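Work through the exercises below with the sequence and the model side by side. Try each task before you read its solution.

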Amino acid sequence: MEGELIRASSPEEALAMKNNESAFFAGGTGIGYKDSGLKANRWILVPEISGIREIKTEDGLIRIGAMVSFTQALEDSAVPSYLKEALRFCGSLQKRNQATVGGNIASRRCDSYLIPALLASGARICLLAKEGTQTIGIEQYVDEPDRYRDALITAVCVKPDSAVSILSKRYANTVESHAYLTLSMGREGDDYRIGLAIKGGGLFHPDIMNWGIAWKKADVQDDMFGSEEYKRYLTQVTLETMYEKLGGEGGSAS
Ligand SMILES: Cc1cc2nc3c(=O)[nH]c(=O)nc-3n(C[C@H](O)[C@H](O)[C@H](O)COP(=O)(O)OP(=O)(O)OC[C@H]3O[C@@H](n4cnc5c(N)ncnc54)[C@H](O)[C@@H]3O)c2cc1C
């Protein structure tokens, strides 16, 4: 990993240091390897803000601090089972010990372990930016990378299993290979949400009523993981099956 590793004396100082040339450093698993594509002159260790390493229940939601590791989240009984399923998509036990929930979200990867399930569940992201603290929907965070580039994720707030039903599916050659498709669908009352991560294509959260139209416009590539046609077919079949399993009627998932 190239660049200087620095520790700020306060969250304010960490935010002041953050610019185009610098980036936050959490578990470091998304940074310190060849071809990670992440470059910075200065890596700022995520500051120790209160609650950033804690999991707690608050107003019926589960608040997971950004520096909570995958292993810590998997071991905590408060974390909903649909999120644990997504955390287990990271097959390496060593990586689970080091990788953080905040680092995974901030990476916005097209093979993201957690973002599809978070999109499908309607999760909220707590941020600390130069303008102050804010809480936004995960879809806004995903859609506006430039706007939130210098913001520090402090926590993610997720709904309990009792509030949402989520189905997820990850397609990869092996548990440790990069996924070429990760799909989640969530149902909350009569509302459905979709979260998709398509390798080489990006992150999507199409509306359930017209996901096929939005999906046709998405840039999906032929690559070593499969043809565009294959990925589109697999996405369609998987979403239709999920919709049916969640009790959907009337063929909206098409
Ligand atoms: C072999 C290998 C395979 C991998 N496969 C996958 C995969 O299939 N899917 C996947 O999703 N990931 C994969 N990763 C990447 C990585 O392990 C995970 O994304 C991990 O969750 C990143 O968390 P971290 O704490 O290590 O983040 P870091 O590596 O510390 O940071 C990652 C990025 O997030 C930013 N960041 C970190 N914390 C914050 C914060 N609190 N606020 C704002 N920005 C922040 C950093 O600046 C950096 O840009 C892989 C990594 C390796 C080495």
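**Exercise 1. What distance separates the centres of domain 1 and domain 2, and how many residues of each are in contact?**

Solution.
- Step 1. Take the centres over C-alpha atoms: domain 1 and domain 2 are 18 Å apart. This is a predicted model: local features need pLDDT of at least 70, side-chain atom pairs count only at pLDDT 80 or more, and totals for chains, interfaces and linings use all residues. Residues are numbered from 1 along each chain as its sequence is written.
- Step 2. Set the bounds. The protein chain splits into domain 1 (1-45), domain 2 (46-158) and domain 3 (165-245); such bounds come from an automatic or database domain assignment.
- Step 3. Count the contacts. In domain 1, 15 residues touch 16 residues of domain 2. Contact means C-beta atoms, placed from the backbone, within 7 Å.
- Step 4. Find the elements. On the domain 1 side, α1 (11-17) and β2 (22-25) give two or more residues. The largest share, three residues, is from α1. Helices (H or I, at least four residues) and strands (E, at least two) are DSSP runs, numbered from the N terminus.
- Step 5. Sort by type. This side of domain 1 holds eight nonpolar residues, six polar and one charged. Ala, Val, Leu, Ile, Met, Phe, Trp, Tyr, Cys and Pro count as nonpolar, Asp, Glu, Lys and Arg as charged, and the others, Gly among them, as polar.

**Exercise 2. Which residues come nearest to the ligand, and between which domains does the ligand's shell lie?**

Solution.
- Step 1. List the nearest. Of 30 residues around the ligand, these are Gly27, Gly30, Gly103, Asn104 and Ala106. The criterion is a C-beta atom, placed from the backbone, within 6 Å of the molecule.
- Step 2. Name the elements. β2, α4 (93-98), α5 and β8 (152-158) each give two or more residues to the shell. α5 gives the most, with five residues.
- Step 3. Sort by type. The shell has 15 nonpolar, 12 polar and three charged residues.
- Step 4. Place the shell. Domain 1 and domain 2 both give residues to the shell, so it lies between them.

**Exercise 3. What is the strand order in each open sheet?**

Solution.
- Step 1. Take the five-stranded sheet. Its order is β4-β5-β8-β6-β7, with antiparallel pairing. Strands pair if DSSP finds at least two bridges between them.
- Step 2. Find the edges. β4 and β7 (132-137) each have a single partner strand, so one side of each lacks a neighbour in the sheet.
- Step 3. Check one pair. β6 (residues 124-129) and β7 run antiparallel over six bridges. Cys126 sits opposite Thr135 in β7.
- Step 4. Take the three-stranded sheet. Its order is β1-β3-β2, with parallel pairing. β1 (4-6) and β2 are the edge strands.
- Step 5. Check one pair here. β1 and β3 (residues 42-45) pair in the parallel sense over three bridges. Ile6 stands opposite Ile44 in β3.

**Exercise 4. Asp59 and Arg108: buried, partly exposed or exposed?**

Solution.
- Step 1. Set the cut-offs. Count other C-beta atoms, placed from the backbone, within 10 Å: 20 or more is buried, 12 or fewer exposed, and in between partly exposed.
- Step 2. Take Asp59, in the loop between β4 (55-58) and β5 (61-65). Asp59 counts as exposed because it has 6 C-beta neighbours inside 10 Å.
- Step 3. Take Arg108, in the loop between α5 (101-107) and α6 (115-121). Arg108 has 16 such neighbours, so it counts as partly exposed.
- Step 4. Check phi. Most residues other than glycine have a negative phi. Phi of Asp59 is positive, near 50°. Arg108 has a positive phi of about 45°.

Methods
Contact = placed C-beta atoms within 7 Å.
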